[in-house]
Amino acid sequence: MSSTRVLKSEWTKIRSVSSTPWTLLLAMVFTIGLGMLISYFASNDFDNMDARDKLTFDSTAISFAGMGLGQLAMIVFGVLVVSNEYSTGMIRTSLAAVPQRGRFLFSKVAVATALALVVGMVTAFAAFFLGQAMMGDHKVSLGDDGVLRAVIGGGLYMTLIAVFSMGVASILRSPMLSLGILMPLFFLVSPILGSVSATKKVARYLPDQAGQKVMQVVAPFDDDTPYGPWGGLAIMLVWVVVALAVGYLLLKKRDA
């Protein structure tokens, strides 16, 4: 089967699973809606902040406050894209039609990544503009220093979260096992490690904490992170590449 036909086949699979568009829609709703709400409250509370907090007030990052919940839906999307065929048993049919396993996996990832990128970028720009509309006198402009980078980075972050989840799902093959590892990693392990002084320096190299650096415009006073915004995204990209590479190697060696 030609590469074009494989890509079309993967697009049909993704489109035909009803949970896929719903997860992407929820990613947008959570990120934008929660970002607007927190932006509104943060703006209203600005006058009550101490001088230190006012100096590090990051209007752009606050617009993305809903990203933490939005990434939950992107994780589910990435896992379902890959593991759905394993849970239904359709993987045998798919590999019989496309025996080149590398072409099969990376066609699936390419189509899903393109879709995640579109959703991620639309979500990031919408979250920024609508969040800033809630900021009143504290809003920033897309042309301000570092803001455009942060908004584009927000879209890339959402995309990479989904692709990393695809890589993990290709390794584990089970949607429940994949979600059972990814959810605690991003919503429990990473925050705990990042808040403990003994493990804080290690936690900053986890994919979510490194990737979120790109959405930061105003750095906190105690920020001693040894990499910049794009450096953090590069670290996250390394995690993604490793996950996909391991998934590919296991797909080649294992039976369907």
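Helix H8 (147-172) has 26 residues and spans 37 Å from its first C-alpha to its last, close to the 38 Å expected at 1.5 Å a residue; the expected span is 1.5 Å times one less than the number of residues. Helices here are DSSP runs of H or I with at least four residues, numbered from the N terminus. The model is a predicted one, in which local features need pLDDT of at least 70, side-chain atom pairs count only at pLDDT 80 or more, and totals for chains, interfaces and linings use all residues. Residues are numbered from 1 along each chain as its sequence is written, and side-chain values use heavy atoms, with hydrogens and water left out.

Of the 26 residues of H8, 20 are buried, so this helix is largely enclosed by the rest of the structure. Buried means under 20% relative accessible area with a 1.4 Å probe, protein chains only. Just after H8 comes Arg173, with a positive phi near 70°.

The largest nonpolar core (buried Ala, Val, Leu, Ile, Met, Phe, Trp, Tyr and Cys residues joined through side-chain atoms within 4.5 Å) holds 53 residues, and Phe64, Met74, Phe77, Phe164 and Met166 touch the most other members. H8 gives this core its largest share, 12 residues. Beyond its neighbours within four places in sequence, Phe77 is in contact (heavy atoms within 4.5 Å) with residues including Ile14, Leu24, Leu115, Ala162 and Met166. A second, separate core of 5 residues includes Ala42, Phe46, Ile62 and Met135.

Thr60 lies in helix H4 (residues 59-63) and counts as buried at 2% relative accessibility. Leaving aside neighbours within four places in sequence, Thr60 is in contact with Phe128, Gln132, Val140, Val147, Ala150, Met215 and Val217.

Conventions. Buried means under 20% relative accessible area, exposed over 50%, partly exposed in between (1.4 Å probe, protein chains only). Helices (H or I, at least four residues) and strands (E, at least two) are DSSP runs, numbered from the N terminus.
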